[in-house]
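Colleague: I've got a new model open and would like to practise reading it feature by feature. Could you walk me through it?

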Amino acid sequence: MAWLRKKSPPTNETTATIEEAAAAAEPVEETLAGMGDNVKPKAKERAAEPEPTGPLLTVKGVERVFHVAGGPLHVLKGIDARIERRELLMLRGRSGSGKTTLLNMIGGLDQPTKGEIWFDGKPFHKLSDDKRTVVRRRDMGFIFQAYALMPMLSAYENVELTLRMAQVPRGEWKRRVTEVLDMVGLAKRMHHRPFELSGGEQQRVAIAKSIAHRPKLLLADEPTAELDSQMSAQIMSVFQHIIQTENMTICMTTHDPTILEVADRVYEMMDGRLV
């Protein structure tokens with residue numbers, strides 16, 4: 001059974017995917033033309049939708065077996081879990097416990113050998129590769145340990161690239177890019193390229209990039225692994241702000257015990273199981 005921890009109310013989540021690499025080949029436009037008054041912003045469209053109920057994502061009896069030279073390797077061994085809407089959920093465990101594999105299942109980057117994954121009422125485990133790609137582009141954001149930024153693009157252009165891929169109307173790009181970079185504290189650094197930024201700043205660009213298209217679920221694989229304690233605290237503060245202001249859900253993996261207190265819930269993983 002998972003170890004669950006509740007926090008006090010706040011005071012007031014590797015390499016780039018194939019889709020990103022393909023989209024990066026397109027030139028990034030510096031001058032953005034308007035799309036007309038008849039185009040409604042994505043945020044307004046979602047605001048008009050009825051408030052959804054129930055968990056955002058449910059995992060039922062998920063197993064993942066890899067076939068290697070020595071025989072079958074059981075990485076996930078019957079996972080049952082849920083991710084509630086607008087919460088910060090952490091998957092905690094040592095390296096090799098299955099955290100990243102489970103995160104890949106949740107994000108549709110891999111398929112379970114057995115079991116079910118339901119995302120926002122859809123049977124994610126039954127969708128084709130193309131349909132899962134559409135869901136990821138529209139409703140999910142990903143943050144990787146290696147930041148996954150395009151090195152020759154500025155912070156602004158990296159974030160803009162996500163909006164292009166998600167097919168957000170061009171007229172919204174400038175406002176939204178500026179908004180999310182300001183949200184992560186990089187308004188004055190938006191025209192710098194990754195090699196001109198510190199590790200913490202690169203991770204904040206990666207966060208801005210992942211939330212620009214307003215996904216429902218943000219998945220982060222060890223987002224603080226390469227950062228010192230002060231930078232880790234700043235990243236977690238950004239995550240809390242995103243949940244409050246953007247109404248997103250964040251699921252992240254970690255083996256850092258110092259950041260667990262900010263989580264709404266914590267699942268402990270060991271040897272492919274929740275304990």
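Modeller: Sure. Keep in mind that this is a predicted model. Let's begin with strand β3, residues 88–92, which is mostly covered: four of its five residues are buried.

Colleague: Which strands does β3 pair with, and which way do they run?

Modeller: Look at the bridges on both partners. β3 is joined to strand β8 (residues 249–254) by five bridges, and the two run parallel. With strand β9 (residues 265–270) there are four bridges, again parallel. To get the register, pick out single pairs: methionine 90 has methionine 252 as its bridge partner in β8, while arginine 92 stands opposite glutamate 268 in β9.

Colleague: What is the order of the strands in the open sheet of four?

Modeller: The order is β2-β1-β4-β5, and the pairing is antiparallel. The edges are β2 (71–83) and β5 (122–123), each of which pairs on one side only. At the β5 end, two bridges tie β5 to strand β4 (residues 114–119), and one pair to click on is tryptophan 118 with proline 123.

Colleague: And the side chains in a strand, how should I picture those?

Modeller: In a regular strand they alternate between the two faces of the sheet.

Colleague: On to helices. How do I tell whether a helix has one covered face?

Modeller: Start from the geometry: an α-helix has 3.6 residues a turn, so residues three or four places apart point the same way. Now take α6, residues 173–183, where Trp173, Arg176, Val177, Val180, Leu181 and Met183 are buried. Down the axis of α6, these buried residues fall within an arc of 155°, so they line one face of the helix. The cover over them includes α5 (155–165), α7 and α8 (229–246).

Colleague: Why is α3 described as largely enclosed?

Modeller: Count its buried residues. In α3 (residues 99–106) six of the eight are buried, so the helix is largely enclosed by the rest of the structure. The buried ones are Lys99, Thr101, Leu102, Leu103, Met105 and Ile106.

Colleague: Which residues follow these helices with a positive phi?

Modeller: Glycines, in both cases. Glycine 108 follows α3 with a positive phi near 75°, and just after α6 comes glycine 185 with a positive phi of about 80°.

Colleague: What should I make of a positive phi outside glycine?

Modeller: As background, most residues other than glycine have a negative phi. Here, alanine 148 has a phi near 55°, and glutamine 167 has one near 60°. Alanine 148 lies in the loop between β6 (140–143) and α5, whereas glutamine 167 lies in the loop between α5 and α6.

Colleague: Is each of them buried or exposed?

Modeller: Alanine 148 has a relative accessible area of 15%, so it counts as buried, the cut-off being under 20%. Glutamine 167 comes out at 68%, so it counts as exposed, which takes over 50%.

Colleague: Glutamine is polar, so I'd like to see others. Where are glutamine 203 and glutamine 111?

Modeller: Glutamine 203 is in helix α7 (residues 199–211) and is buried, at a relative accessible area of 1%. Setting aside neighbours within four places in sequence, glutamine 203 touches Ile143, Phe144, Tyr147, Pro223, Leu227 and Ile235. Glutamine 111 sits in the loop between α3 and β4 and is partly exposed, at 23%.

Colleague: What does the side chain of glutamine 111 reach?

Modeller: The backbone oxygen of histidine 125, at 2.9 Å. Those two residues are 14 apart along the chain, and their C-alpha atoms are separated by 6.4 Å. Beyond its neighbours within four places, glutamine 111 has contacts that include Arg64, Met105, Phe124 and Arg132.

Colleague: Last one: how do I describe a cavity?

Modeller: Give its volume, then its lining. The second largest cavity holds about 60 Å³ of space. Among the residues lining it are Leu57, Ile79, Leu89, Leu102, Cys251 and Tyr267. By element, β1 (57–68), β2, β3 and α3 each supply at least two lining residues, and the largest share, four residues, comes from β2.

Notes
Residues are numbered from 1 along each chain as its sequence is written. This is a predicted model: local features need pLDDT of at least 70, side-chain atom pairs count only at pLDDT 80 or more; totals for chains, interfaces and linings use all residues. Side-chain values use heavy atoms; hydrogens and water are left out. Buried means under 20% relative accessible area, exposed over 50%, partly exposed in between (1.4 Å probe, protein chains only). Two strands pair if DSSP finds at least two bridges between them. Contact means heavy atoms within 4.5 Å. A polar contact is a pair of N or O atoms within 3.5 Å; within protein, one must be able to donate a hydrogen and the other to accept it, and residues adjacent in sequence count only if both atoms are side-chain atoms. The arc is that of the directions from the helix axis to the C-beta atoms. On a 1 Å grid over the protein atoms alone, a cavity is a set of points where a 1.4 Å probe fits but cannot get out, and a pocket is an open set with protein on both sides within 12 Å along at least five of seven lines; lining residues have an atom within 4 Å of a point. Grid points are joined across faces, edges and corners, and a volume is the space filled by probe spheres set on the points.
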